[in-house]
Amino acid sequence: MPVTTPHPLHVEVASAHSFPSTQRYQQLSYRIGDFFGQADFHIIPLTRYDLILGAGWFASLGAVTVDLQLQTLTFSHDGTQHIFSSIDSRQDYQLISGKQFIRSLPKAHCAAILSVQPVQPIADAPPLPQVWYNNVPHTRLVADKGGQNWIAIAKDKFKFPGGGTQFAHGADQYLDQMSQMLPDLKFGTHVRVALDIGCGVASWGAYLLARGVLTLSIAPKDVHENQIQFALERGIPAMIAVLATHRLLYPSQAFDLIHCSRCRIEWTRDDGVLLLEVDRVLKAGGYFAWAAQPVYKHEESNQRTWLDMEDLATRMCWKLVAKQGYIAIWQKPIDKSCYSNRLPGALPTLCDINEDPDSVWYVTLKACITLPRNNPDKFFWLDYPARLDNPPVRLQSLHIDAIASKNEVFEADRRYWIEIVQGYLRGLSLKIEDIRNVMDMRACYGGFAAALADQKVDWWVMNVVPISGINTLPIIYDRGLIGVAHDWCEPFDTYPRTYDLLHVHGLFTLEQDRCNIAHIILEMDRILRPGGWVLIRESMAMALSVEVLAKSVRWKTHLLDTENGPFGKDKLLSCQKVPWHGF
Ligand SMILES: C[S@@+](CC[C@H](N)C(=O)[O-])C[C@H]1O[C@@H](n2cnc3c(N)ncnc32)[C@H](O)[C@@H]1O
């Protein structure tokens, strides 16, 4: 237990901020590399680092040699020489552009992470679980949003009463209202994949998960501090994202339902460029639900906003299908007749047909209507779960080289992953109830996630499709799964310690000539919670190289044969991030 100090210690950190510290742990044991020590740890609120080693600690080492070129720090203790080094001393430090800053967290350069408390999340399934205070020790949202029932603190835990700015009485009741307003929504069957823009702590998504809808909840890192970190700690699909100047990292025609409740976005500004981005990622025939003051308040400014919104939505060919209380719901057309019947010069214009609607990496937004590449007369999607296992229409437009038909390749992939996942569940000592947040770092058709659903395993999967390969993300969404485009040479838009299991199939082979593999391992270590698992399927040679790096970040590793036996081409490297405080 920490002790309270009568006189606060003022700790000045590199940013020149000074924090008063009134509590400290006395003589805590720690280990860095092969160096063991004991020291007092003062508690201050840190957001980016778990631990700062201060000037006093350095002084306790005695004479220290710092080599800035090799990035090493050398000292002697009890007659033994110790060298601390960054994981890869050949790395390049890069300046990042303002554009990158919108999306990205800084690159993890060093692996020094110590957690003072155990961080095994509480295992209850959403929507109601509580989370440990020590896992996300930030009380700003309690102070700012407690009155709206977003979050409350109860001793050593945070609780989520299910409220939001526009639904203080709870997301469940709010969802009942939406279903009653528009029975066609049919949560869990017709509407299976949703996007919540400006999600707060993601209670809307949490209650939809319980109704069989996979909702991706997004919000930026803004004054609503740590909201995505809370969402992920609750076990709800979420990531850091902002609707601003660039395309969201999701393909066109991805979501069946998109929601914004008081998300603070001015939809009609700049010729509707942000609503047009919503239109791009919304499925034809899909719904946009808006809960905000202009829907129900009658003051002049609100009325004006409502009329502007109605006008823009109509010009985009959307139809207002329900409006009740503070919620309005529009539907995007299910056929192309409205687009074809627009008058010449009508605004917004249609986007250039040669632009790829699914290309998203650093693509600047444009105020035009994105039509799907193959613009059929009528759009439709299958209800869930039928859409999970049936080859999606968009499969046919993928450029893949194969001797079999695309449908046959898809079916073979589906069966292949079911067999593999059955093997994982049988053969590895994974505790199903300890895992919720899973990432497939190179997801292809989403076969791994689909197989988990097939095996009725209650984890959700963030299917990541690297931008260096074929863009299969549309297929993943068409199957009723969620995912995101990403360049693994850059950090992923999430908080530290937010995933329980990372699945990696052939990623290192794919990226070895583009990215620094050590950086990918460090990024994986950052986003993996202590105790979490990494499953890496690679060739024997690559698995052995990766094992060296995995050991250097202190994961416990096992190199295993796959279901193809000892002569199989691939090996499975199973790793666990063992908590460092557990020594
Ligand atoms: C008032 S809160 C509402 C939260 C939640 N929807 C609710 O009803 O409780 C506003 C939310 O919008 C998010 N937000 C603001 N501007 C945004 C933008 N440009 N893109 C995405 N999210 C945004 C904020 O981070 C926050 O999550």
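**Helix α13 and its surroundings**

In this predicted model, G447, F448, A449, A450, A451, L452 and A453 of helix α13 are buried.

User: What makes α13 count as largely enclosed by the rest of the structure?

Analyst: A residue is called buried if 20 or more other C-beta atoms lie within 10 Å of its own. In α13, 7 of the 8 residues are buried, so the helix is largely enclosed.

User: Which elements do the buried residues of α13 pack against?

Analyst: Those residues pack against α11 (386-389), α12, β19 (437-440), β20 (460-466) and β22 (499-505).

User: How do you know that α12 and α13 are in contact, and which residues make the contact?

Analyst: The axes of α12 (residues 406-427) and α13 (residues 447-454) come within 8 Å and cross at roughly 65°. For residues, contact takes C-beta atoms within 7 Å. D413, R414, Y416, W417, I418 and V421 do the job from α12, with G447, F448, A450, A451, L452 and D454 on the α13 side. By type, that contact splits into 8 nonpolar, 1 polar and 3 charged residues.

User: What is the handedness of the crossing of α12 and α13?

Analyst: Right-handed. That label goes with a near helix turned clockwise from the far one by less than a right angle.

User: What follows α13?

Analyst: K456, with a positive phi near 60°.

User: Now strand β1: why is it said to lie largely in the open?

Analyst: Same burial test, with its cut-off of 20 or more C-beta atoms within 10 Å. Among the 10 residues of β1 (residues 3-12), the number buried is 0, so the strand lies largely in the open.

User: How do you know that β1 and β2 pair?

Analyst: At least two bridges are needed for a pair. β1 and β2 (residues 18-32) have 6, in the antiparallel sense. E12 stands opposite S18 in β2.

User: Why are β7 and β8 called edge strands?

Analyst: The open sheet has 3 strands in the order β7-β9-β8, with antiparallel pairing. β7 (131-132) and β8 (152-154) each pair on one side only, which is what an edge strand does here. For β8, 3 bridges lead to β9 (residues 157-159), and I153 has F158 as its bridge partner in β9.

User: What surrounds the ligand?

Analyst: A shell of 20 residues, the closest being G164, G198, G200, A219 and S261. A residue gets into that shell if its C-beta atom lies within 6 Å of the molecule. The shell divides into 9 nonpolar, 8 polar and 3 charged residues, and glycine goes with the polar ones.

Definitions and conventions
Residues are numbered from 1 along each chain as its sequence is written. This is a predicted model: local features need pLDDT of at least 70, side-chain atom pairs count only at pLDDT 80 or more; totals for chains, interfaces and linings use all residues. Helices (H or I, at least four residues) and strands (E, at least two) are DSSP runs, numbered from the N terminus. Axes are lines fitted to C-alpha atoms, for helices over the stretch in contact, and angles run from 0 to 180 degrees between N-to-C directions. Two residues are in contact if their C-beta atoms, placed from the backbone, lie within 7 Å. A residue is buried if 20 or more other C-beta atoms lie within 10 Å of its own, exposed if 12 or fewer, and partly exposed in between; C-beta atoms are placed from the backbone.
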